[in-house]
Amino acid sequence: TRETMLREEITGLRKMVVEIKGTLPQERLPAPQADDVETRLPTPTVAPPKKQRIASSQTISAMTQRFILNDASKSADTLKGTRTTVDLFVEAFGDLPVTQITGTTAGDFKDLLLGLPATHGKAKKCLPIRDAVKVAKEQGLKTLSGKTAKNHFSRMSALWSILVQREIVSKNPWMKWSFNTTKETDRRCWTDEELVLLSKAQWEHRGNSRRTYAGMVNIALYTGLRLGEICNLRCQDIENVQGVACFQIRPHPEEGWSPKSAAGIRLVPIHSQLIRAGILEFLKPDQHFLFPDLATSTSGVRGASFGQAFSKLKTKLGLPPEITFHSFRHTVSTKLRNQDASFRELWIDRVLGHEASHRSQGTMNYTSSIDVRNLQSVIEALQFPSFTVEIPDT
């Protein structure tokens, strides 16, 4: 009927309206308040800035590991040398990102290298790099050669060449530095004529007495002790062992001093000439150091000013650069090894605090149990007829 057709048409129109509404955009909800956001939404994890992530992955140690140490084609010497160089740099300046290392940094590193003692890093324990530079300056020690410093720079330059090629850095700050690579003056022994000249010299130093100077020079020539070992002798380090007066060279934990190496911890008999000269007269009740008037420098080095004063004295006497206080030790070593005597090479090494040539277990056990009388025979073989530096009375 007509009414039926009309109802069906209306129903169709209603369906059409519903479908059209479904295609229209939904009404926007009101924006949540700040308090609602904090309570309903989790706090997102903030990633570090891209530049920061790059810097942490591009430190000098990371770049060295990636491009040098992980390179199987590099020789063992290259790997070892590069590790040594980078370790020195990191100790001095920290593990910097390579992008922060400039020509100024390289120049500062060069100055540190050239100020380091030549023996730095050769012992099991060594001073921090900046302290070592201070000690070398105060004691007038032989420093790193220009050739060695140049080798350090060459290793750094090799790494930077790779970094420049990969556009990690823009330039190589380790190139075009000049170094004095001429052969340095080798230290040598004192001649008899030079010892005579020294024995007649006038010691002039306000801080250290003539008596201290005479005592230290005599000990150096009749024992071969290092300057630092003599300066740090305490009264308690003189002991009678098996009837023989001896210097005990050993660590001083309370003062932060120790011999140069494990071999430096040793017993050294006191030469009869030293006893006749009056070295035992330096022992006084309630006195800590054998030479109490030696001062300690700001960097903790005892006797640094004495070393400088002795250097000025030898220059004033016109002695050549290859003669230093350490030359006493060279003189003792050379004289003992040229002796036509029955004592063994191992006994000489023990007296001087040298590592034994052959580090077998048997050798180490033997050197630790050498009879003090054998060591005394080594010391008494030292004779210097032309050297007479008298030790003044107190």
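1. Start with A263 in this predicted model. Leaving aside residues up to four places away in sequence, A263 touches G353, H354 and E355. The C-alpha atoms of A263 and G353 lie 5.0 Å apart, although 90 residues separate the two in sequence. A263 itself sits in the loop between β2 and β3. Buried or exposed, then, for A263? It counts as buried, because its relative accessibility is 14% and the cut-off is under 20%.

2. On the other side of that contact, have a look at G353. This glycine comes just after α15 and takes a positive phi of about 75 degrees. Helix α15 itself covers residues 345-352, and its buried residues are W347, I348, D349, V351 and L352. Note that D349 is in that buried set along with W347 and the others.

3. Back to the strands that flank the A263 loop. β2 (residues 244-249) and β3 run antiparallel, with 4 bridges joining them. One pairing to check on screen is Q248, whose bridge partner in β3 is L267. Strand β3 spans residues 266-269 and is covered on both faces: R266 and V268 are buried on one side, L267 and P269 on the other.

4. R266 deserves its own point. What does its side chain meet in a salt bridge? The partner is E229, at 2.8 Å from N to O. This pair links distant parts of the chain, with E229 in helix α11 (residues 227-231) and R266 in strand β3, 37 residues apart. E229 is buried, since its relative accessible area is just 3% against a cut-off of under 20%. R266 also has a relative accessible area of 3% and is buried.

5. The structure holds 11 salt bridges, and a few others are worth a look. R234 and D237 meet through their side chains at 2.9 Å, N to O. R234 is buried at 4% relative accessible area, and D237 is buried at 1%. The pair belongs to a network of salt bridges that links R234, D237, E239, R250 and E254.

6. Compare that with R188 and E194. Their salt bridge has its closest N and O atoms 2.7 Å apart. The two ends are in unlike surroundings: R188 counts as partly exposed, because its relative accessibility is 28%, while E194 is buried because its relative accessible area is 11%.

7. On the outside, I275, L280 and L283 make a nonpolar surface patch of about 200 Å². L283 is in the loop between α12 (272-277) and α13 (304-316). How exposed is L283? Its relative accessible area is 30%, so it is classed as partly exposed.

8. Last, a word on confidence. The chain averages a pLDDT of 84, and 82% of the residues score at least 70. Two stretches need care, though. Over residues 34-42 the pLDDT is below 50, and the stretch has 2 contacts in the model beyond near neighbours in sequence. Residues 358-367 are also below 50, with 9 contacts beyond near neighbours in sequence. Where pLDDT is low, the predicted coordinates should not be read in detail, so I'd leave the contacts of residues 34-42 and 358-367 out of any close reading.

Key:
Residues are numbered from 1 along each chain as its sequence is written. This is a predicted model: local features need pLDDT of at least 70, side-chain atom pairs count only at pLDDT 80 or more; totals for chains, interfaces and linings use all residues. Side-chain values use heavy atoms; hydrogens and water are left out. Buried means under 20% relative accessible area, exposed over 50%, partly exposed in between (1.4 Å probe, protein chains only). Helices (H or I, at least four residues) and strands (E, at least two) are DSSP runs, numbered from the N terminus. pLDDT is the predictor's confidence in each residue, from 0 to 100. Contact means heavy atoms within 4.5 Å. Patches are made of residues with over 30% relative accessible area and no salt bridge: like charges are joined within 9 Å, nonpolar side chains (Val, Leu, Ile, Met, Phe, Trp, Tyr) within 5 Å. Accessible areas come from the Shrake-Rupley method with a 1.4 Å probe; for residues, only the protein chains shown count as cover. A salt bridge is a side-chain nitrogen of Lys or Arg within 4 Å of a carboxyl oxygen of Asp or Glu. Two strands pair if DSSP finds at least two bridges between them.
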